[in-house]
Amino acid sequence: MKLDNNNHSVFMLHYHLIMCIKYRNKVIDDTISNRLKEIFEKIAPSYNITLEEWNHDIDHVHILFRGQPNTEISKFINAYKSASSRLIKKEYPQIRKSLWKEMFWSQSFCLLTTGGATVDIIKQYIQSQGKKDGK
């Protein structure tokens, strides 16, 4: 538990976010994933969000992050999707030919609170993504 500037306790919630490329197009390699992660880490502090774990498969990313209960998660996700889509297409123009109508992210996403699972279990799950047979 952290204390804010007024010595009030600040509870941090853990979230597991899964975002897919539009029509699950296979465009995420290590370079693209690393750039997406950098963009996430740049935007997150403005929303009191802290990245805990990141991994990807060729058509989606898994993100474990912490946020305060009053964090505006949907605003953050929309800001992130918009900025990352714009920057990736600008910095890696060759990716455009693999996208549907230049749409990078799918409109939908999956956001889960970590609930009963420990953070370590979620981290292990995310770390195992993109590996064949969980190895």
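## From a salt-bridge network to the core

Let's begin with a trio of charged residues: R35, E38 and E91 are joined in a network of salt bridges. What you have on screen is a predicted model, and this network is a handy place to start reading it. Within the trio, the side chains of E38 and R35 pair up at 3.2 Å, N to O. Why can these two reach each other? They sit 3 residues apart in helix α1, so about one helical turn separates them. E38 has a relative accessible area of 44%, and because this lies between the 20% and 50% limits, E38 counts as partly exposed.

Now step back to the whole chain. The protein chain contains 3 helices and 6 strands, and along the sequence they come in the order β-β-β-α-β-β-α-β-α. Of its 135 residues, 41% are buried. Contacts that reach across the sequence matter for your mental picture here: among those between residues at least 6 apart, 74% join residues at least 24 apart. On the outside, the accessible surface comes to about 8200 Å², with 48% of it belonging to carbon and sulfur atoms.

Next, follow helix α2, which runs through residues 73-91. Its 19 residues reach 26 Å from the first C-alpha to the last, close to the 27 Å expected at 1.5 Å a residue. Which of its residues are buried? They are I73, F76, I77, Y80, K81, A83, S84, S85, I88 and K89. Notice that two lysines and two serines appear in that list alongside the nonpolar residues. The cover over these buried positions includes β3 (13-21), α1 (30-43), β4 (49-56), β5 (60-67) and β6 (105-113).

That brings us to the interior. In soluble globular proteins, nonpolar side chains tend to be buried together. Here the largest nonpolar core has 29 residues, and L36, F40, I63, Y80 and F104 are the members that touch the most others. At least two residues of this core come from each of β3, α1, β4, β5 and α2, and α2 gives the most, with 6 residues.

L36 is a good residue to click on. Setting aside neighbours within four places in sequence, L36 is in contact with I28, W54, V61, Y80, S84, I88, F104 and W105. Among these partners, Y80, S84 and I88 are also buried residues of α2, and Y80 and F104 appear again among the core members with the most contacts to other members.

Back at the surface, the structure holds 7 salt bridges. One of them links the side chains of E72 and K75 at 3.3 Å, N to O. E72 is partly exposed at 44% relative accessibility, and K75 is partly exposed too, at 47%. Another pairs R96 with E102, whose closest N and O atoms lie 2.2 Å apart. R96 has a relative accessible area of 32% and E102 has 36%, which makes both partly exposed.

To finish, look for nonpolar side chains on the outside. Y23, W100 and M103 make a nonpolar surface patch of about 320 Å². Where along the chain does Y23 sit? Y23 lies in the loop between β3 and α1. With 54% relative accessibility, Y23 is over the 50% limit and therefore counts as exposed.

Notes: Residues are numbered from 1 along each chain as its sequence is written. This is a predicted model: local features need pLDDT of at least 70, side-chain atom pairs count only at pLDDT 80 or more; totals for chains, interfaces and linings use all residues. Side-chain values use heavy atoms; hydrogens and water are left out. Helices (H or I, at least four residues) and strands (E, at least two) are DSSP runs, numbered from the N terminus. The expected span of a helix is 1.5 Å times one less than its number of residues. Buried means under 20% relative accessible area, exposed over 50%, partly exposed in between (1.4 Å probe, protein chains only). Contact means heavy atoms within 4.5 Å. A nonpolar core is a set of buried Ala, Val, Leu, Ile, Met, Phe, Trp, Tyr and Cys residues joined through side-chain atoms within 4.5 Å. Patches are made of residues with over 30% relative accessible area and no salt bridge: like charges are joined within 9 Å, nonpolar side chains (Val, Leu, Ile, Met, Phe, Trp, Tyr) within 5 Å. Accessible areas come from the Shrake-Rupley method with a 1.4 Å probe; for residues, only the protein chains shown count as cover. A salt bridge is a side-chain nitrogen of Lys or Arg within 4 Å of a carboxyl oxygen of Asp or Glu.
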